[in-house]
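This report describes one protein chain and its ligand. Please look at the sequence and the structure before reading on.

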Amino acid sequence: MTDIEDRLGTTVPARTAGLAQLSALAEVVGRYATMRNYVDGPTTSRLSPYLRRRLVLEDEVLAFARAIGPFERVEKFVQEVVWRTYWKGWLEARPGVWNAYLARLRTLADTLSAADRDRLASATAAKTDLPYFNAWCAELKSTGYLHNHVRMWFASVWIFTLKLPWELGARFFLDHLLDGDPASNTLSWRWVAGLQTTGKHYLARADNIAKYTNGQWVPKPGELDESARPLPDDGLARVPALKPAVGLNGDAVQPRAVLMHAEDCGPLPNGWTDAPAVRYAVVPPPHHAPSGLVEAWVAGACADADARVRTVAHFRNANEVADWCRANGAVEVWAFRPLTGFVAPALFDLARELATTGVTLRYADRGHDIAFFPLATKGFFPYWEAAAGALRRQWM
Ligand SMILES: Cc1cc2nc3c(=O)[nH]c(=O)nc-3n(C[C@H](O)[C@H](O)[C@H](O)COP(=O)(O)OP(=O)(O)OC[C@H]3O[C@@H](n4cnc5c(N)ncnc54)[C@H](O)[C@@H]3O)c2cc1C
């Protein structure tokens with residue numbers, strides 16, 4: 001076993017492993033509403049790396065929750081599952097927020113002061129004066145995971161106590177989290193900073209950390225800035241929402257050729273598995289340096305998806321894909337839509353190049369996204385009201 005495989009531990013990038021994990025979650029889901037904020041022990045599902053790459057689908061998690069009990073009993077868990085969908089739908093409707101984040105990373109690379117650079121180096125090397133922050137940083141780098149409450153404390157300390165730019169913290173998370181996700185990550189960091197719900201920020205408090213770590217960490221008085229102001233509004237949370245592109249439900253499509261990519265390693269609908277498939281490898285993401293652990297996880301998830309189709313060819317440039325389409329007599333190739341992030345622009349370029357050879361790249365969507373993205377037009381609570389109504393009907 002390699003060092004990286006060893007460190008991935010029980011989190012194996014395979015659909016069967018994700019489904020096995022899901023099937024063992026009855027107790028965790030049953031007591032989720034009361035236990036989820038405690039960071040110690042199995043208080044949450046740890047399904048996020050599987051959901052992120054769609055090795056396990058949201059609909060499968062919701063079906064599992066339905067089997068556990070009445071809606072009210074599992075409501076908090078279900079709410080979190082579709083919170084992730086909310087962030088994705090929200091960003092699909094405002095891709096400019098993602099582009100602004102990437103643009104800011106570009107300028108920060110050139111404009112960061114020497115003092116900021118020193119604090120950044122200490123923070124990312126787990127060498128600050130805050131032992132709990134250092135421990136969380138080391139845990140993130142060695143496991144690729146942090147509990148949600150720890151992510152909130154980490155981001156808050158980063159922004160308000162260490163006074164580092166939130167974008168660099170978001171980049172650090174995205175480089176190290178196995179579940180690193182453009183929507184959940186960028187928008188959660190913005191939420192902690194007070195940019196997403198304008199004027200409302202999240203301040204990590206010593207007593208909250210002591211309580212929910214069961215006393216493992218007790219920050220000293222005055223160590224954390226518990227009275228910082230939210231970051232100045234950048235106006236991006238109020239940009240008008242676009243209507244997200246929604247294609248056909250993948251279940252209704254019978255493709256002659258399939259294009260696979262790292263954003264969706266999920267089960268292919270019946271009509272897809274016999275079609276010849278091509279995997280398009282996308283160049284490394286701009287301004288990001290995924291850790292070895294993350295690279296191994298993504299490669300594993302892709303290999304797992306490949307093993308579920310009959311044959312798959314691997315290509316890195318548009319000409320090769322076009323030749324492959326020609327050889328397979330395909331004038332149309334279908335993929336699941338890559339959402340806002342690193343893969344979507346690369347597939348946009350590929351589609352343009354394929355079009356010059358008479359081949360159309362078409363996107364299908366997952367049923368869950370088709371149902372819930374259109375509800376993510378404003379804040380989370382109106383979204384949840386509409387989503388809970390639809391979900392309650394599934395429980396009847
Ligand atoms: C600063 C910050 C950055 C984050 N970055 C990411 C990220 O890159 N990728 C990511 O998947 N999540 C991110 N989250 C959300 C959340 O922390 C993780 O989804 C969750 O901790 C995953 O652990 P779990 O699977 O045990 O979650 P559980 O508590 O078991 O929840 C079940 C599922 O619901 C979803 N979920 C739970 N909490 C949230 C939440 N607050 N927001 C959105 N979805 C949620 C996840 O898909 C999760 O797997 C971030 C949160 C913060 C505060």
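The text below goes from the whole chain to its domains, then to the ligand and two helix pairs.

**Whole chain**

The model is predicted. Its chain contains 19 helices and 6 strands. Taken along the principal axes, the C-alpha atoms occupy a box of roughly 70 × 55 × 50 Å. For 396 residues, a compact globule would have a radius of gyration near 21 Å, and the chain agrees with this because its own value is 21 Å.

**Domains**

Three domains divide the chain: domain 1 (3-92 + 372-395), domain 2 (107-238) and domain 3 (248-367). Domain 1 is written as two stretches of residues, 3-92 and 372-395.

The centres of domain 1 and domain 2, taken over C-alpha atoms, are 23 Å apart. Where these two domains meet, 16 residues of domain 1 are in contact with 17 residues of domain 2. On the domain 1 side, α5 and α7 each provide at least two of the touching residues. The largest share of that side comes from α7, with 5 residues. Sorted by class, the side of domain 1 that touches domain 2 has 6 nonpolar, 4 polar and 6 charged residues.

**Ligand**

Where does the ligand lie with respect to domain 1 and domain 2? Both domains give residues to the shell around the ligand, so the ligand lies between them. The shell holds 28 residues, and the closest are Thr-44, Ser-45, Arg-84, Asn-185 and Ser-188. Four helices each supply at least two shell residues: α5 (48-52), α7 (71-93), α11 (148-161) and α13 (182-193). Helix α7 thus appears both in this shell and on the side of domain 1 that touches domain 2. By class, the shell around the ligand is made up of 11 nonpolar, 9 polar and 8 charged residues.

**Two helix pairs**

Helix α6 (residues 58-68) packs against α7 at an angle of about 175°, and their axes are 10 Å apart. Angles over 145 degrees count as roughly antiparallel, and therefore α6 is roughly antiparallel to α7. On α6 the contact is made by Glu-58, Val-61, Leu-62, Ala-65 and Ile-68, and on α7 by Val-74, Phe-77, Val-78, Val-81 and Thr-85.

The second pair is helix α8 (residues 95-111) and helix α12 (residues 166-176), whose axes come within 10 Å and cross at roughly 105°. That angle makes α8 roughly perpendicular to α12. Tyr-101, Arg-104, Leu-105 and Leu-108 of α8 meet Glu-167, Leu-168, Ala-170 and Arg-171 of α12.

The table sets out the residue classes in the two contacts.

| Helix pair | Nonpolar | Polar | Charged |
|---|---|---|---|
| α6 with α7 | 8 residues | 1 residue | 1 residue |
| α8 with α12 | 5 residues | no residues | 3 residues |

Methods
Residues numbered from 1 in each chain as written. Predicted model: local features only at pLDDT ≥ 70, side-chain atom pairs only at ≥ 80, totals over all residues. Axes fitted to C-alpha atoms, helices over the stretch in contact; angles between N-to-C directions. Parallel < 35°, antiparallel > 145°, perpendicular 65-115°, else oblique. Contact = placed C-beta atoms within 7 Å. Nonpolar A, V, L, I, M, F, W, Y, C, P; charged D, E, K, R; others polar. Near = placed C-beta within 6 Å. Domains from an automatic or database assignment. Rg over C-alpha atoms; globule rule 2.2 N^0.38 Å.
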